[in-house]
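Here's a quick briefing to read alongside the coordinates. Take a look at the model first, then go through the notes topic by topic.

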Amino acid sequence: MSVEEVSRLLREHDITPTAQRVEIANVLFTRKEHLSAEDVFVLVNGEAPRVSKATVYNTLGLFAAQGLIREVIADPDRTFYDPNTAPHHHFYDTATGKLTDIPAEAVEISRLPALPEGVQMEGVEVIVRVRPAAR
Ligand SMILES: [Zn+2]
């Protein structure tokens, strides 16, 4: 993606495109993978550290809050940032720590409880936890 395209995408989500935000967004949208904040930090900085860890964490939080990316909390120690904000689900491999997509249509939810009063449904996300099969 060009700097112009990334900047436009940020503005569409009411995010002011600073140089660092553009760089971080570029990493996410070029790779189209589930990345941890640590992954993003390493990828953005490459050989020469330019963006601090705090900036990476704050920026990812802002992107998620503005709906630019999705935050997927696989377990308390592993939060992934997903550039795919369309509805879908995930497999989480607890042995490798890898998150992979499950298409929305592959999961059918047949029953949900009545919602508490005064709220509306925002979405349902399924995380299927897997580990190597016992032999
Ligand atoms: Zn995903």
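Is Glu125 buried, partly exposed or exposed? With a relative accessibility of 48%, Glu125 counts as partly exposed. Keep in mind that this is a predicted model. The notes below start from that residue's salt bridge, then move on to the metal site, the strands and the surface.

**Salt bridges**

- The count comes to four salt bridges, including the three described here.
- Glu125 pairs with Arg70, and their closest N and O atoms are 3.7 Å apart. This one links distant parts of the chain, since Glu125 sits in the loop between β4 and β5 while Arg70 belongs to strand β1, 55 residues apart.
- Unlike its partly exposed partner Glu125, Arg70 counts as buried, at 12% relative accessibility.
- Glu23 and Arg50 also meet through their side chains, at 3.4 Å from N to O. Glu23 is in helix α2 and Arg50 is in the loop between α3 and α4 (53–65), so the pair ties together parts that are 27 residues apart in sequence. Glu23 itself is partly exposed, at 28%.
- Lys53 and Glu38 form another salt bridge, with the closest N and O atoms 3.2 Å apart. Here helix α4 (Lys53) is tied to helix α3 (Glu38), because the two residues of the pair sit in those helices, 15 residues apart in sequence.
- Both ends of that bridge are partly exposed: Lys53 has a relative accessible area of 38%, and Glu38 comes in at 36%.

**Zinc site**

- The zinc ion has these protein donors: His34 (NE2), Asp82 (OD), His88 (NE2), His90 (NE2) and Asp101 (OD), which lie 2.0 to 2.2 Å from the ion.
- Along the chain, the donors follow the spacing H-x47-D-x5-H-x1-H-x10-D.
- His88 and His90 are buried.

**Strands and sheet**

- β1 (residues 70–75) and β2 (residues 78–82) run antiparallel and are joined by five bridges. They make a hairpin with two residues between the strands, and Ile73 has Thr79 of β2 as its bridge partner.
- There is also an open sheet of three strands in the order β4-β3-β5, with mixed pairing. β4 and β5 stand at its edges with a single partner strand each, so one side of each lacks a neighbour in the sheet. From one strand to the next, the twist averages 25°.
- β3 (residues 88–93) pairs with β5 in the parallel sense over four bridges. Phe91 finds its bridge partner in Val128 of β5.

**Loops and backbone**

- Asp14 has a phi near 60°, a positive value in a residue other than glycine. Asp14 lies in the loop between α1 (3–12) and α2 (19–31) and is exposed, with a relative accessible area of 67%.
- Lys32 isn't a glycine either, yet has a positive phi of about 50°. Look for Lys32 in the loop between α2 and α3 (37–45), where this residue counts as exposed at 64% relative accessibility.
- Thr96, in the loop between β3 and β4, is exposed at 57%. The C-alpha atoms of Thr96 and Met121 are separated by 32 Å, with the residues 25 apart along the chain.

**Nonpolar surface patch**

- Ile109, Leu112, Leu115, Val119, Met121 and Val124 make a nonpolar surface patch of about 490 Å².
- One of these, Val119, is in the loop between β4 (98–103) and β5 (127–130) and counts as partly exposed, at 48% relative accessibility.

Technical notes
Residues numbered from 1 in each chain as written. Predicted model: local features only at pLDDT ≥ 70, side-chain atom pairs only at ≥ 80, totals over all residues. Heavy atoms only, no water. Patch = residues over 30% accessible without salt bridge, like charges linked within 9 Å, V, L, I, M, F, W, Y side chains within 5 Å. Areas by Shrake-Rupley, 256 points an atom, 1.4 Å probe, with all protein chains shown as cover. Buried < 20%, exposed > 50% of the residue type's maximum accessible area, 1.4 Å probe, protein only. Donors = N, O, S within 2.8 Å, 3.2 Å for Na, K, Ca; no water. Pairing = 2+ DSSP bridges. Axes fitted to C-alpha atoms, helices over the stretch in contact; angles between N-to-C directions.
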